[in-house]
Amino acid sequence: MPQHSLTVGGQTYEVDFPYAPYDCQLTMMEKVLESLTTGRNALLESPTGTGKTLCLLCAALGWREAHARQGGGIPRGGNPRGIGQSFDASRAPGDAADASASAGISAADGISTDRRDTNRAPPPSESRGPVIIYASRTHSQLAQVIKELKATKYRPRMAVLGSRTQMCVHKEVRRLTGVAQQTACRQKTESRTCAHYNETDRFLRSDPEYGKREPVDIEDL
């Protein structure tokens, strides 16, 4: 898969992109890297069909790999304030294919959140890079993100999250709303009377590596 060297703030990042990128795609990836490196917010726009989702994924995951290679520290030339800051990208109006997204870099996987232990260097096994949160308004947009992620060489451990209102398949609970739905769901999962929850739990126990080898959508369960 083609690898591209993008230099931002004196730091060179190797970003894998599945196709020969257009100039506008290189520019967008550079801006994503600049935002992550400096710890500043970014609002980026690009016309429909220019591959915003793919650019965002590849740039953010390329930055994450560079972060992990250096033991969980900020890549050289980076700003420590990037941890806990966020990157926001907005899709162009009317763009149904590319998700409105935010990739939030949060303290996790080798980055201590305990103020009493901030000077402790994490063991190499813990330094897997920061967590990236990709948020979207609709699940159909997240499905597009998973499709694009599968086209890349990146295979981060990932999960798709959704509300009970959108994702619940229990024929009784899905008819409820609000607190009533939450309460019913909690009662059935805690009492192990939800067959869907029990089956998913058994499946994940039988294959604990599920979701590590290939990106998966919620329907794949």
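# A guided tour, starting at two helices

Where helices α2 and α3 cross, the crossing is right-handed. Keep in mind as you look around that this is a predicted model.

**Stop 1: α2 and α3**

Select residues 52–69 for α2 and residues 139–150 for α3. These two helices pack at an angle of about 60°, with their axes 9 Å apart. The pair counts as oblique because 60° falls outside the ranges for roughly parallel (under 35 degrees), roughly perpendicular (65 to 115) and roughly antiparallel (over 145).

Now show the side chains where they meet. On the α2 side, pick Thr53, Leu54, Leu57 and Leu61; on the α3 side, pick Val145, Glu148 and Leu149. Colour this contact by class and you will find five nonpolar residues, one polar and one charged.

While you are in α3, click on Ala143. Is it buried or exposed? Neither label fits: Ala143 is partly exposed, because its relative accessible area of 29% lies between the 20% and 50% cut-offs. Next, draw a distance from Ala143 to Val160. The two are 17 residues apart in sequence, and their C-alpha atoms are 9.2 Å apart in space.

**Stop 2: α1 and α2**

Keep α2 on screen and add α1, residues 23–38. Here the helices pack at an angle of about 40°, and their axes are 9 Å apart. That angle makes α1 oblique to α2. Their crossing is right-handed.

Which residues of α1 meet α2? Select Gln25, Met28, Met29, Val32, Leu33, Leu36 and Thr37. Their partners in α2 are Lys52, Cys55, Leu56, Cys58, Ala59, Ala60 and Trp63. By class, this contact has 11 nonpolar residues, two polar ones and one charged one.

**Stop 3: the largest nonpolar core**

Some of those names come up again here. The largest nonpolar core has 31 residues, and those touching the most other members are Tyr13, Val15, Met29, Val32, Leu33 and Cys58. Show these six as spheres. At least two residues of the core come from each of β1 (3–8), β2 (11–16), α1, α2 and α3. Which element gives the most to this core? The answer is α2, with 10 residues.

**Stop 4: Gln3 in strand β1**

Move to β1 and select Gln3. Its relative accessible area is 48%, so Gln3 is partly exposed. Leaving aside residues up to four places away in sequence, Gln3 touches Glu14, Val15 and Asp16. Try the distance to Asp16: Gln3 and Asp16 are 13 residues apart in sequence, yet 4.3 Å apart in space, C-alpha to C-alpha.

**Stop 5: Arg192 in a loop**

Now go to the loop between α5 (178–190) and α6 (195–206), where Arg192 lies. Check its backbone: phi of Arg192 is near 60°, a positive value in a residue other than glycine. With a relative accessible area of 40%, Arg192 is partly exposed.

**Last stop: the whole chain**

Zoom out and switch to a cartoon view. How many helices and strands does the protein have? Its secondary structure comes to six helices and five strands. Follow the chain from the N terminus and the elements run β-β-α-α-β-β-β-α-α-α-α.

Finally, colour by accessibility: of the 221 residues of the protein, 39% count as buried. As for contacts between residues at least 6 apart in sequence, 63% of them join residues at least 24 apart.

Definitions and conventions: Residues numbered from 1 in each chain as written. Predicted model: local features only at pLDDT ≥ 70, side-chain atom pairs only at ≥ 80, totals over all residues. Heavy atoms only, no water. Axes fitted to C-alpha atoms, helices over the stretch in contact; angles between N-to-C directions. Helix = DSSP H or I, 4+ residues; strand = E, 2+ residues; numbered from the N terminus. Left-handed = near helix turned anticlockwise from the far one by under 90°. Contact = heavy atoms within 4.5 Å. Nonpolar A, V, L, I, M, F, W, Y, C, P; charged D, E, K, R; others polar. Buried < 20%, exposed > 50% of the residue type's maximum accessible area, 1.4 Å probe, protein only. Core = buried A, V, L, I, M, F, W, Y, C linked by side-chain atoms within 4.5 Å.
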